[in-house]
Amino acid sequence: MTAGIAVSGLACAAGIRTLFSGLGFAVPPGDWLALTGPNGTGKTTLLRAIAGLVRPTAGEVRWNGAPRRVSSPEWHAACLFQGHAAGWKDNLAARENLRLQRELDGAGDAPPPAELLARVGLARQAKLPFGRLSAGQRRRVSLARLAGSQRPLWLLDEPTTALDTAGQALFGELLDAHLARGGIAIVATHQRLPVGSAPIELSLGDYAGA
């Protein structure tokens, strides 16, 4: 496969402990991978390694057939990583946080923050400091970021944590729309997600300490 993301022989460690090794998979445009496994098997580490935030101990990541170069502008423009700590500022309003993140993401053509927040049910909370939002509302701000994203590869770590049923359904709609545009997603999750298309499934437990 040329288009999309491909991982081969990947290994990562935490200190002297090998989390996983010999890991390989490929995800073409329009598909997504559900990354599962017990706590401590390295799901977050894998996402960070693909994003270029952690150096793997072995293996290769290829993007559209070419070795991924973490310092290249092309890779930064292609990849959106969203972890547990999204970098939101507690003292800034939700819409100001989203505006700042949009500038960092380079999503200049995205709808305005107020429109994105309204789409995820936070129109009334747009001017509230992020620190005053509930856990579920904070997660919805992250959904608003996804709603405005133009990057083809999403790397998401437990994106539905703290979301109610409606919020989880909204995430499913956003991911479905992303895939329909030819996007790709790798999602670490402990839950079955309400997404229209079936995922490629990968359990890191099968590679733990291999």
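Select Asp157 to begin: this residue of the predicted model sits in strand S7, where strands are DSSP runs of E with at least two residues, helices are runs of H or I with at least four, and both are numbered from the N terminus. Asp157 is buried, with a relative accessible area of 3%; buried means under 20% relative accessible area, exposed over 50% and partly exposed in between, with a 1.4 Å probe and protein chains only. Residues are numbered from 1 along each chain as its sequence is written, and side-chain values use heavy atoms, with hydrogens and water left out. Because the model is predicted, local features need pLDDT of at least 70 and side-chain atom pairs count only at pLDDT 80 or more, whereas totals for chains, interfaces and linings use all residues.

Keep Asp157 selected and show what surrounds it. Leaving aside neighbours within four places in sequence, Asp157 is in contact (heavy atoms within 4.5 Å) with Thr44, Leu47, Gln82, Gly83, His84, Arg139 and Ala188. The side chains of Asp157 and Thr44 are joined by a polar contact of 2.6 Å. A polar contact is a pair of N or O atoms within 3.5 Å; within protein, one atom must be able to donate a hydrogen and the other to accept it, and residues adjacent in sequence count only if both atoms are side-chain atoms.

Next, select Gln82, which is 75 residues from Asp157 in sequence but 6.3 Å from it in space, C-alpha to C-alpha. Gln82 belongs to strand S6 (residues 79-82) and is buried, with a relative accessible area of 4%. Its side chain makes a polar contact of 3.1 Å with the side chain of Arg145. Not counting residues up to four places away in sequence, Gln82 touches Ser142, Arg145, Leu146, Leu155, Leu156 and Asp157.

Move on to Asn97, in helix H3 (residues 94-105). Is Asn97 buried or exposed? Asn97 is buried, with a relative accessible area of 3%. A polar atom of the Asn97 side chain lies 2.7 Å from the backbone nitrogen of Lys89, and the backbone oxygen of Leu92 lies 3.2 Å from a polar atom of that side chain. With residues up to four places away in sequence not counted, Asn97 touches Trp88, Lys89, Leu92 and Phe130.

Two of those neighbours of Asn97, Trp88 and Phe130, lead to the aromatic rings. The structure holds 2 aromatic pairs, where rings of Phe, Tyr and Trp (its six-membered ring) pair if their centres lie within 6.5 Å, and planes under 30 degrees apart count as stacked, over 60 as edge-to-face and the rest as tilted. Select Trp63 and Trp75: their ring centres are 5.9 Å apart and their planes stand at 75°, so the pair is edge-to-face. This pair links distant parts of the chain, with Trp63 in strand S4 (residues 58-63) and Trp75 in helix H2 (residues 73-78), 12 residues apart. Trp63 counts as buried at 15% relative accessibility, as does Trp75 at 3%.

Then select Trp88 and Phe130, whose ring centres are 6.0 Å apart with planes at 40°, so the pair is tilted. Trp88 is in the loop between S6 and H3 and Phe130 in the loop between H4 and H5, 42 residues apart; Trp88 and Phe130 are buried. Returning to Trp75, add Arg68, which lies over the face of that ring at 5.9 Å from the ring centre; a charge sits over a ring if NZ of Lys or CZ of Arg is within 6 Å of the ring centre and within 35 degrees of the ring normal.

For the nonpolar interior, select Trp32, Leu117, Val141, Leu143, Leu146 and Leu175, the residues with the most contacts inside the largest nonpolar core, which has 30 residues. Such a core is a set of buried Ala, Val, Leu, Ile, Met, Phe, Trp, Tyr and Cys residues joined through side-chain atoms within 4.5 Å. Among the elements that each supply at least two residues of this core are strand S3 (32-36), helix H5 (135-147) and helix H6 (165-180). A second, separate core of 29 residues includes Ile5, Leu35, Trp63 and Leu202.

Finish with the cysteines. A search of the whole structure finds 0 disulfides, a disulfide being a pair of cysteine sulfur atoms within 2.5 Å. Cys12 is in no disulfide, as the nearest cysteine sulfur, that of Cys79, is 14 Å away. Cys12 is buried at 1% relative accessible area, and Cys79 counts as buried at 8%.
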